[in-house]
Amino acid sequence: MAINDHLAAFSMSGPDVAAYSEGLRRFFRERAGEDLFSVVKPPMRKLKAIAKRGRIKDEVDYYLVKECAQSLSGDPRFADLAETLMTCLAEFELAVSETGDGG
């Protein structure tokens, strides 16, 4: 299976997608000794859509943003995007802590 088939999980939603995505990242980290997104560029189209929407809508978005925003912040080309995503991340975490559901 091509790497893009696996990476598609990071831009999909569904009950098992977050677990699959985390398992894939853990598997890669164990085998390669580094994070998947340090080798393969993150799904920018999905990240830009989240930033444009201005909020994280579910756990799948949350874990994607959580894993990618920090690495993007180190690249001046994506500093604004990273800042917006970090704001979305903080707001989602606050909503979860207040309501328990993120929505």
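Which residue forms a salt bridge with Glu30? In this predicted model, the partner is Arg31, with the closest N and O atoms 3.2 Å apart. Neither residue is hidden away: Glu30 is exposed, and Arg31 is exposed too. Side chains of opposite charge can pair when their charged atoms come close. A search through the whole structure turns up 4 salt bridges, and the next ones to look at take us to helix α5.

Let's get oriented on that helix first. Helix α5 covers residues 59-73, which makes 15 residues. From first C-alpha to last, α5 reaches 21 Å, close to the 21 Å expected at 1.5 Å a residue. That doesn't make α5 perfectly straight, though: there is a kink of about 25° in the helix, centred on Val65. Val65 is also one of the buried residues of α5, a list that includes Leu64, Ala69 and Leu72 as well.

Now go to the N-terminal end of α5. Asp58 acts as the cap here, with a side-chain oxygen lying 3.2 Å from the backbone nitrogen of Val60. Val60 itself sits in helix α5 and has a relative accessibility of 10%, so it counts as buried. If you want to see what the fold brings together around this spot, look across to Ser21: Val60 and Ser21 are 39 residues apart in sequence, yet 8.8 Å apart in space, C-alpha to C-alpha.

Move along to Asp61, and we're back to salt bridges. Lys46 forms one with Asp61, the closest N and O atoms being 3.3 Å apart. This pair links distant parts of the chain, with Lys46 in helix α4 (residues 44-53) and Asp61 in helix α5, 15 residues apart. Unlike the exposed Glu30 and Arg31, both Lys46 and Asp61 are buried.

Asp61 has another partner, too. Its side chain meets that of Arg53 in a salt bridge, 2.5 Å from N to O. How do the two ends of that bridge differ in accessibility? Asp61 has just 1% relative accessibility and therefore counts as buried, while Arg53, at 35%, counts as partly exposed. Put the pieces together and you have Lys46, Arg53 and Asp61 linked in a network of salt bridges.

Right after Asp61 come the tyrosines. A pair of aromatic rings is described by the distance of the centres and the angle of the planes. The whole structure holds 2 aromatic pairs by search. In one of them, Tyr62 and Tyr63 meet edge-to-face, 5.0 Å centre to centre with 75° between the planes. Their surroundings aren't alike: Tyr62 counts as buried because its relative accessibility is 11%, whereas Tyr63 counts as partly exposed because its value is 38%. Phe92 joins in as well, and Tyr62, Tyr63 and Phe92 form one aromatic cluster.

Further along α5 is Cys68, another of its buried residues. Where does Cys68 fall on the scale of relative accessibility? At 0%, it counts as buried. Cys88 has 3% relative accessibility, so it counts as buried as well. As for disulfides, the search of the whole structure finds 0.

So the walk ends inside α5, after passing its cap at Asp58, the salt-bridge network that includes Asp61, and the aromatic cluster that includes Tyr62 and Tyr63.

Definitions and conventions. Residues are numbered from 1 along each chain as its sequence is written. This is a predicted model: local features need pLDDT of at least 70, side-chain atom pairs count only at pLDDT 80 or more; totals for chains, interfaces and linings use all residues. Side-chain values use heavy atoms; hydrogens and water are left out. Helices (H or I, at least four residues) and strands (E, at least two) are DSSP runs, numbered from the N terminus. The expected span of a helix is 1.5 Å times one less than its number of residues. The bend at a residue is the angle between axes fitted to the seven residues ending there and the seven starting there. Buried means under 20% relative accessible area, exposed over 50%, partly exposed in between (1.4 Å probe, protein chains only). A polar contact is a pair of N or O atoms within 3.5 Å; within protein, one must be able to donate a hydrogen and the other to accept it, and residues adjacent in sequence count only if both atoms are side-chain atoms. Rings of Phe, Tyr and Trp (its six-membered ring) pair if their centres lie within 6.5 Å; planes under 30 degrees apart count as stacked, over 60 as edge-to-face and the rest as tilted. A disulfide is a pair of cysteine sulfur atoms within 2.5 Å.
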